[in-house]
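Here is a protein chain to look through together. Take a moment to turn it around before reading on.

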Amino acid sequence: MYYVLYADSDERSRQMACGYRFWQESGFCLKAETGSGEEALNLLKKDYFDLVITDLRMMAGEGILLAEAMKRQGCTASLVLSGSLCSFESAREGMRLGALDFIPKPVTERKLSEALEGIEPELRKRKIRAGSFRKETVEQAEIEALYREILSGQMENEVLEGWIKRLLETLGKESGQEEAGRRGAALLCELWIRVCRDFPWIELLDAGEWLEWRSWFLPGRKGMEEAAVCLRRMIGMVRAFRLNQADETVNRILEDMARNLGRGDCLDMTADELELSRDYVRVLFKKRMGMGQNEYLTMMRMEYAKHLLKTTNLKVYQVAKRVGYSTIDYFSRLFKAYSGMTPARYRKDG
């Protein structure tokens, strides 16, 4: 889910854009709206946003001033500009300041959805990399050591909990309770970034979003349990997706599979893009990963479906289509066999 702040001094234009169904049917949540650049900055200081959409002509240029202020303050939210086509020079200045896109006015629902869906891959990368959260630093040697343990898939729960307990105790003594919690969360996020560096296709599934929101733990028993949940999920993912068995060629196959996830002919498209025969890819995949390509594809689709069910308001048939199934009944049967519950139940209780 991406949290959006919409800033536009034109109240009519702002209300029209904020009333679109797009916000209920996509992975973008309109968290706040304002007609003032000053109020927008205050909101950014008080709350978390992934994206700011601002009008270039806000109060005679306040949109650009807002972009400059965001940059000066080190704000992590991404920026999209809107305005008339005649304000191209201002738009170019905004792009220089780091804006991801420009939406010509009037901002119709189609223009909005096309722009935000177009920048979504970049937002996803920034969202995970912002997991270096609030610029806390952790020891890279410690990250690498734990990463190797996680990748091996052999870490036992007792070892895991012992490691977490020692980490939190050490951080607590060094920097106090609250800072220890933040630094511990940063370490977990750095671990996820390390996984994505070796297996970039994982990001295409949004498979790490759970980590960002569940890892803000504080020292103590509760904090240790929350951190353990995060690490167990990460270890479970490594085992389920057999990441320790994927070589460079298989990684390329997996990345193309993830990219073509919503197509019914996903595996044929993957072979074509790699300029390899379908049979060759199938045999190579089975030999290297120890499971069939179709089985693996189903697992990827089900995990992505879980993400969509939890983070969007898409109807079940829309989720089915998004992950490559044209028949909702078939998708629902596969999902229940995979997760043990129907899509509707998973959305409610999963």
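Let's begin in a loop: Glu275 sits between α14 (266–274) and α15 (278–289). Glu275 has a phi near 55 degrees, which is a positive value in a residue other than glycine. With 73% relative accessibility, Glu275 counts as exposed, because anything over 50% does. Keep in mind that this is a predicted model.

Another loop holds a similar case. Arg242 lies between α12 (221–240) and α13 (248–259), and Arg242 too has a positive phi, about 50 degrees, although it is not a glycine. How covered is Arg242? Its relative accessible area is 26%, so it falls in the partly exposed class, between the 20% and 50% limits. A glycine joins the list as well: Gly340, just after α18, takes a positive phi of about 85 degrees.

One more backbone feature is worth finding. Lys105 and Pro106 are joined by a cis peptide bond, with omega at about 0 degrees. Look for Pro106 in the loop between β5 (101–104) and α6 (109–129).

Now zoom out. The protein chain comes to 19 helices and five strands. Of its 350 residues, 49% are buried. The chain exposes about 17,500 Å², and carbon and sulfur atoms supply 49% of that area. Taking contacts with a separation of 6 or more, 69% of them link residues 24 or more positions apart.

Two of the helices can be set side by side:

| Helix | Residues | Number of residues | Reach, first to last C-alpha | Expected at 1.5 Å a residue |
|---|---|---|---|---|
| α16 | 293–311 | 19 residues | 27 Å | 27 Å |
| α18 | 328–339 | 12 residues | 16 Å | 16 Å |

Helix α16 deserves a second look, as it is mostly covered: 14 of its 19 residues are buried. What does the largest nonpolar core look like? This core has 54 residues, and those with the most contacts inside it are Leu191, Trp201, Phe241, Met257, Tyr296, Met300 and Phe331. Helix α16 gives the most to this core, with nine residues. A second, separate core has 19 residues, including Trp23, Val80, Val107 and Leu123.

Try clicking on Tyr296 and checking what surrounds it. Leaving aside neighbours within four places in sequence, Tyr296 is in contact with Trp201, Phe241, Leu243, Leu254, Met257, Phe285, Met289 and Met291.

Next, the strands. Strand β1 (residues 2–7) is mostly covered, since five of its six residues are buried. Which way does β1 pair with β2? The two run in the parallel sense, and β2 (residues 28–34) meets β1 over six bridges. Strand β3 (residues 51–55) also pairs with β1 in the parallel sense, over four bridges. Leu5 is a handy residue to follow here: its bridge partner in β2 is Ala32, and its bridge partner in β3 is Val52.

Finally, some cysteines. A disulfide is a covalent bond between the sulfur atoms of two cysteines. How many disulfides are there? The count comes to zero. Two of the cysteines can still be placed by how covered they are. Cys266 is buried, because its relative accessible area of 1% is under the 20% limit. Cys29 has 25% relative accessibility, so it counts as partly exposed.

Conventions:
Residues are numbered from 1 along each chain as its sequence is written. This is a predicted model: local features need pLDDT of at least 70, side-chain atom pairs count only at pLDDT 80 or more; totals for chains, interfaces and linings use all residues. Side-chain values use heavy atoms; hydrogens and water are left out. A nonpolar core is a set of buried Ala, Val, Leu, Ile, Met, Phe, Trp, Tyr and Cys residues joined through side-chain atoms within 4.5 Å. Buried means under 20% relative accessible area, exposed over 50%, partly exposed in between (1.4 Å probe, protein chains only). Contact means heavy atoms within 4.5 Å. The expected span of a helix is 1.5 Å times one less than its number of residues. Two strands pair if DSSP finds at least two bridges between them. A disulfide is a pair of cysteine sulfur atoms within 2.5 Å. Accessible areas come from the Shrake-Rupley method with a 1.4 Å probe; for residues, only the protein chains shown count as cover.
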